[in-house]
Amino acid sequence: MFENLEDVIARLEGEDVSLEQSFELYNQGMTLLKKCSRSIDEVEKKVLILDEEGNTHEF
């Protein structure tokens, strides 16, 4: 997913991109960014912190 987002960014930065292509790439990038953000949120919820006494707590 992150690789796809990087690809979209690289294509947006290209010189041969028309306005229509830029708009389409922007929308693809925003969709991928939302998916990445959701994935990160899910991982953060699963992360547990180990305290000094060996007990686990949710992050």
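These are my notebook entries on a predicted model of a single chain.

**Confidence.** I began with the pLDDT values. The average over the chain is 86, and 90% of the residues score at least 70. I then compared the elements: helix 2 has the highest mean pLDDT, at 91, while the lowest, 68, belongs to strand 2 (residues 56-58). I shall keep that value for strand 2 in mind when reading this element.

**Architecture.** I looked up the secondary structure next. The chain contains two helices and two strands, and their order along the sequence is α-α-β-β.

**Contacts and burial.** I turned to contacts between residues at least 6 apart in sequence; 31% of these join residues at least 24 apart. For burial, I noted that the chain has 59 residues, of which 10% count as buried. The accessible surface of the chain is about 5300 Å², and carbon and sulfur atoms account for 53% of that area.

**Nonpolar patch.** Which residues make the nonpolar surface patch? I found Leu12, Tyr26, Met30 and Leu33, together forming a patch of about 340 Å². I also asked which helix gives the most to the nonpolar patch. Helix 2, spanning residues 19-46, does so with three residues.

**Leu33.** I singled out one residue of the patch, Leu33, and located Leu33 in helix 2. Is Leu33 buried, partly exposed or exposed? The relative accessible area of Leu33 is 42%, so I recorded this residue as partly exposed. The value lies over the 30% that a patch residue requires.

Methods: Residues numbered from 1 in each chain as written. Predicted model: local features only at pLDDT ≥ 70, side-chain atom pairs only at ≥ 80, totals over all residues. Heavy atoms only, no water. Patch = residues over 30% accessible without salt bridge, like charges linked within 9 Å, V, L, I, M, F, W, Y side chains within 5 Å. Areas by Shrake-Rupley, 256 points an atom, 1.4 Å probe, with all protein chains shown as cover. Salt bridge = Lys/Arg side-chain N within 4 Å of Asp/Glu carboxyl O. Helix = DSSP H or I, 4+ residues; strand = E, 2+ residues; numbered from the N terminus. Buried < 20%, exposed > 50% of the residue type's maximum accessible area, 1.4 Å probe, protein only. pLDDT = per-residue confidence, 0-100. Contact = heavy atoms within 4.5 Å.
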